Amino acid sequence: MNSESDLILKVDNLQTQFHLSRRVVKAVNGVSFQMKRGRTLGVVGESGCGKSVTAHSIVQLLPKMGRIVDGSITYYSSNGAVELSKLKRNGSEMRAIRGKEIGMIFQDPMASLNPVFTIGHQIAENITQHEKISRAAAMERAVEMLTMLGIPQASTRIKDYPHQFSGGMKQRAMIALAMVCNPKLLIADEPTTALDVTIQAQILELMKEMQHKYGTSIILITHNMGIVADMADDIAVMYMGRIVEFGTVRQVLGSPRHPYTRALLQSVPVLGIAKGERLKTIRGSTPDPSDMPEGCEFAPRCDFATKQCKTVPADTDLGGGHRVRCWNCMGGLTT
Amino acid sequence: MLKYFTFRFLSIIPMLFVVTIIIFIGLQLTPGDPLTYLIPPELLASANFDLASYKKAMGLDAPLYVQFFRWFSGMLQGKLGYSLVDGTSIATMLGHRLPATLELAAAALIISSVLGIVLGLISSVRQNSAADYGNTVIGIIGISIPEFFLGIIAIQIFSIKLGWLPVGGRLDYGESGFLSLLKHVAMPALVLGFSLTAALMRYTRGTMLDVLGKDYVKTARSKGLPEWKVIVKHAFRNALMPVILLLCFRLPMLIGGTVIIESVFGWPGMGGMLLNAVSAKDYPVVMIATMLTAFMVLLASFLVDLLTALLDPRVRFD
Amino acid sequence: MVTKAVKSSLALRNWEKLRRNKLAMIGFCIVAFMILCAVCAPLLTPYSPTDIDLGSRIKPPSLSHPLGTDKLGRDVLSRLLYGARVSILIGLSGALGGAVIGTIIGCISGYFGGWFDKVMLRVSEIFMTFPQIILVLILVVYFGQGLMNLIFIFSISGWPGTYRLVRGKFFSLREENYVEACRAYGIGELSIMFRHILPNTFSPVIVTVTLSTAGYILAESGLSFLGLGVPSGIPTWGNIINSAKAIDVISNNPWLWLPPGLAISLFVLGVNFFGDGLRDVLDPNQ
């Protein structure tokens, strides 16, 4: 179906666990997906569904007690395929990929810039780490990048410290930091959640622009269905450490097959919703990740659960890359 | 930057002034004639000395506030008065004693900040390792053991049993050179700084663990920086500020501790002088020594302030 | 009745939390055991701590004197046990005295603010500039040595810590909604201050008292070691070590200084463990 050269990332049966003092939390439980170059993959789901952990597993930036126990993550660089999950966590090979090949943006721009270094220093540091370049030249590139991202008088603002920047400007600086080495893949973990709505749109627009310019692939993690619909080419819906539905935007949003995807879509307010019509909520709450229900994790909250749901549903290919993990997806689910 | 420094410096001047006023009042409250200490002992001893006429001549019968300013300007010129006990000039006494105490306190400060911060750093990076548990035990002992008890044990082990270090004193007669100085100062300074080392270690560990969980540390790692650079440059720079604040807060304790440590190790500093003066009720010596201690604390905390401002742009730009 | 039940269940819950903290419980056991020994001193040793027996001077530990005797033939064990009473009493009273003074000034300063607050803040800063031991030395010069004097001196040199704590708490609480509500209901200022805001400061103050008790026991032993604490006739842990200052005693008669030193360290260790645990339970955001 895909020629290998088209792919940038392949995740196969990824399992990431957190080993706490007394219990083990299976944060990511057998996640598989492939990403093509230049596309945007939106990963959606409630908080705690494992979307962030999946992203952090790719670059091995997990907290100390988290570790990848099974599965593989293959990154296709220009020099061939690299098995990321086999690399040492902070070894030189992994570090050569971080920042250079794969850039990251985090949720809270206020917290993700170091308060004691200038913005320019922090951006330039990414360049000097990966390229043999003078400090002044690196600063020059940082200024260019910030100017491109719409920061006025970038050559003077670059000497500012993070506390002198507004929230939106900090996130622009973070994008500059992540993009300055022209990475092939950008992982954005809830990049706009902490920002005002008006700023959110600007930041997303900038990310699109950068993608067009550099042909970057983006993994966009969010819980906001509207943002995915706007930004993504493909969507992965995650629930309790598994991808429950995967497909193109058209497939997943146009004809959602998993009850959880449907429930998520129905819980989003849409302009022009009929008067008197109520937003649906998903009943119950997510189960305790260290004490998961047997079989399908969503079954206890699902309106369509049957006896069959006591066993873990298989990944069903609906054709055209649309995959669903549900026993009832073929039948006519009607609400 | 310069404005900030000037502001900080100017703001300790009123404190210094208030301290001198308190000391002056304290001296006025001393039993007996509080002014005798200002009279040179040769004069006091001479046969034809008349206290009343001398006071009049020196203006010691002037109103209190006039006396205060005279006393204050005299102090600025180094006229600190004379001991009530043996008539030695207090300035001379201090000239002998102050350098010894400064040497001891500075050595303790340097040893304990370096040791405490480095050990705390190791503990935080290797959390729950054997080294971490070892440090925790040292930390607990450090805050619980009385300094003099630790000093006695140290003398017992390193001087008497092993014979590695001298029992006490600063420098023996005829001895000189950096090595013998080091030999004498090492044990008292370590003991004096032990509780500070423990406190700094515990605190550094705590703040570092806190900082290592911050997003900007993740950002640093996401750039592919080597781990030592992430820890030393990005995490430690941020953890250092609260640690320095703790250091500032603990300074009076360190300087006060010299009194006990000097007594244990026979260190010829201000502590011993103060102690003798207290037992002999030599009020002027007590008060002047106290004033100097307060000055030392104020000055040291000013220096710490400067250091914080150098490290933290948020303080500098406020 | 209802509030009482709620209160006791809160105390119970805190106690449960504390019990799960291993170090705090170890500390609690050490402290409880040592206090018990001090209280039961007459049952544990037949000797009086002050009886001089010149016939048996500087005797090493034996069956009749488990910890030996000192220069004047007094039994070290009984001096240790009776000394614990005085040392703990001084530490605890000093800490409580400082806490009471600090709380009262802190209340007034924090509730009313204004010039009183400004002045007291400066005063506390000046107090904190002088090393506590120096402060104590000055006060010893002016007031003389003595048990009550020492407690008094600890109290007035130790108030700034509690003062700042209570003041800070008042500042943050006096703008809270429930205080506004009290005012709206016409409840008097004094009643708001003492019945509605003050109880909120108890948790951190209790923690401070615990930890500063440890500090004062160390301070007392240090001062007594220097010969400036409690008059040497009264046995305290510091006074016992004071008599062992000479270099030949240190190397030849370890039973004179090792047991009291260990007793101080162990007790202070216990109090610190317990205090740390108490802080985690009562005042988690500190």
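Two residues are in contact if their C-beta atoms, placed from the backbone, lie within 7 Å. The legends below describe a predicted model.

**View 1. The contact between chain B and chain A.** Chain B contributes 20 residues to this contact and chain A contributes 23 residues. On the side of chain B that touches chain A, at least two residues come from each of α9 (215–222), α10 and α13 (313–316) of chain B. The most is given by α9(B), with 7 residues. By character, the residues on the side of chain B that touches chain A comprise 9 charged, 6 nonpolar and 5 polar.

**View 2. The helices of chain B.** Chain B holds 13 helices and 0 strands, so that its elements, read from the N terminus, follow the order α-α-α-α-α-α-α-α-α-α-α-α-α. Of the 318 residues in chain B, 42% are buried. Among contacts in chain B with a separation of 6 or more, 74% join residues 24 or more positions apart.

**View 3. Helix α7 of chain B and its surroundings.** Helix α7(B) comprises 15 residues, 147–161, and spans 20 Å from its first C-alpha to its last, close to the 21 Å expected at 1.5 Å a residue. A bend of about 25° occurs at Ile155(B), a residue that is also buried. The other buried residues of α7(B) are Glu147(B), Phe148(B), Phe149(B), Leu150(B), Gly151(B) and Ile152(B). Within chain B, the buried residues of α7(B) pack against α8 (178–212) and α10 (227–265). They also pack against elements of chain C, namely α10 (189–226), α11 (237–242), α12 (247–252) and α13 (258–282). Just after α7(B), Gly163(B) adopts a positive phi of about 70°.

**View 4. The open sheet of chain A.** Four strands of chain A form an open sheet in the order β2-β1-β4-β5, with antiparallel pairing. The edges are occupied by β2 (24–36) and β5 (80–83) of chain A; each has a single partner strand, so one side of each lacks a neighbour in the sheet. On average, and with direction ignored, neighbouring strands of this sheet are turned by 5° against each other.

**View 5. Strand pairing and the helix across the sheet in chain A.** Strands β1 (residues 7–19) and β4 (residues 66–77) of chain A pair in the antiparallel sense over 8 bridges. Thr16(A) has Ile68(A), in β4(A), as its bridge partner. Helix α1 (residues 51–58) of chain A lies across β1, β2 and β4 of chain A and runs at about 70° to β2(A).

Notes:
Residues are numbered from 1 along each chain as its sequence is written. Chains are lettered from A and ligands numbered from 1 in the order in which they are written. This is a predicted model: local features need pLDDT of at least 70, side-chain atom pairs count only at pLDDT 80 or more; totals for chains, interfaces and linings use all residues. A residue is buried if 20 or more other C-beta atoms lie within 10 Å of its own, exposed if 12 or fewer, and partly exposed in between; C-beta atoms are placed from the backbone. The expected span of a helix is 1.5 Å times one less than its number of residues. The bend at a residue is the angle between axes fitted to the seven residues ending there and the seven starting there. Ala, Val, Leu, Ile, Met, Phe, Trp, Tyr, Cys and Pro count as nonpolar, Asp, Glu, Lys and Arg as charged, and the others, Gly among them, as polar. Two strands pair if DSSP finds at least two bridges between them. Axes are lines fitted to C-alpha atoms, for helices over the stretch in contact, and angles run from 0 to 180 degrees between N-to-C directions.
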